[in-house]
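Student: Can we go through how some labels get attached to a model? I'd like each one set against its definition.

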Amino acid sequence: MKILLTGCAGFIGYHLTSKLINENHKVIGLDSMNKYYDINLKKYRLGNLKNNKSFIFIKDALKDKNKIVKLIKKYKIEKVVHLAAQPGVRYSLVNPRSYIDNNLLCFFNIMEACKICRIKHFIYASSSSVYGLNKSQKFNENEKTEEPAQLYAATKKSNEVMAEAYSNLFKLKFTGLRFFSVYGPAGRPDMAIYLFTKKIFENKKIKVFNYGNHARDFTYIDDVVNAVYKIITRNLKKKKLHQIYNIASGKSEKLSKLINIIEKNLEKKAKKIFLPIQKGDIIKTSADIKKLRKDYKYKSTVSIEVGLTKFIDWFLKYIKS
Ligand SMILES: NC(=O)c1ccc[n+]([C@@H]2O[C@H](COP(=O)([O-])OP(=O)(O)OC[C@H]3O[C@@H](n4cnc5c(N)ncnc54)[C@H](O)[C@@H]3O)[C@@H](O)[C@H]2O)c1
């Protein structure tokens, strides 16, 4: 199958592209290679993909809808996976404009191109952050998502609403993916697991917000890739053409536990600075994954202990290389 995948030099995009090309699909990968975090990590990921004949890389920032249409036609693209975005919850307080440009305007451009080309399936990244200030113990896809805690969440929620309108109006198959704190080898340096590991490794102090009581549904990258791969390749037919799924492990872990596991793996003690909760932070995320389990026979297979060990093995090799 021929797939257009945006954000292919990003963390999730890189792993998903690897899986797709290993399974003999052809991937046309797009990425703007922005400098939100260390560009060398993006180059490293691309370097691992580039030798494969089933992968074509195009540097593009999705600013021009017509260019995307041309690309889809040129490569006879059947499905589009849109992962490119400005991520990060805290950065949305620093540079809100980037979220409007990358998460709203680019989303519109690609969705519009999919409409024009009558793409068979448009799969896009949303986020667990859409649950915002919802106090539910386990977030279910049907629950309220009208109270985003920051602009990042607001743009992801907007994507879902825009997708709903287009899918209904133009009878297009769309699927939104609410990812929950994804981690693993080649993971994002702006996220807690990478930040903590690096600082503990370098004997530097770590800031532990909400005194370590934040809890997250941490999801190992292989589980994410397997779930998304199934969504792309199985032609599940549902009456409603726009579907949304939680992509998570289904198990919430406290930050304090995570730090303990990192300490054990690195054989180092963390120097912790305990701090109160920050503006825009969510205390706990925990996903209900019944829908994904039922529709795609999804199972989360990697525990936080095993996943963190794999991440740290990669991290130690990467920083020494
Ligand atoms: N990693 C997580 O835990 C997580 C959680 C929830 C949602 N998400 C979402 O999943 C998607 C992938 O996340 P990730 O962790 O791989 O992030 P990432 O930042 O590693 O990857 C995103 C990639 O998109 C590219 N990009 C950004 N704007 C672009 C544009 N306008 N045109 C082309 N490329 C552009 C970036 O250069 C980057 O390489 C994002 O949409 C993100 O919001 C991720």
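Tutor: Sure, starting with the lining of the second largest pocket: two nonpolar, five polar and nine charged residues. This is a predicted model, where local features need pLDDT of at least 70 and side-chain atom pairs pLDDT 80 or more, while totals for chains, interfaces and linings use all residues. Numbering runs from 1 along each chain as its sequence is written, and side-chain values use heavy atoms, without hydrogens and water.

Student: What makes a residue of that lining charged, polar or nonpolar?

Tutor: Asp, Glu, Lys and Arg count as charged; Ala, Val, Leu, Ile, Met, Phe, Trp, Tyr, Cys and Pro as nonpolar; the others, Gly among them, as polar.

Student: Which helix gives the lining of the second largest pocket its largest share?

Tutor: H5, with four residues. Helices are DSSP runs of H or I with at least four residues, numbered from the N terminus.

Student: Why is H6 called oblique to H8?

Tutor: H6 (residues 192-201) and H8 (residues 255-266) pack at about 45°, axes 10 Å apart. Under 35 degrees is roughly parallel, over 145 roughly antiparallel, 65 to 115 roughly perpendicular, and the rest oblique, so H6 is oblique to H8. The axes are lines fitted to C-alpha atoms over the stretch in contact, with angles from 0 to 180 degrees between N-to-C directions.

Student: Which residues of H6 and H8 meet?

Tutor: Ile193, Phe196, Thr197, Ile200 and Phe201 in H6 meet Leu255, Leu258, Ile259, Ile262 and Leu266 in H8; contact means heavy atoms within 4.5 Å. By class, that's nine nonpolar, one polar and no charged residues.

Notes
Helix = DSSP H or I, 4+ residues; strand = E, 2+ residues; numbered from the N terminus.
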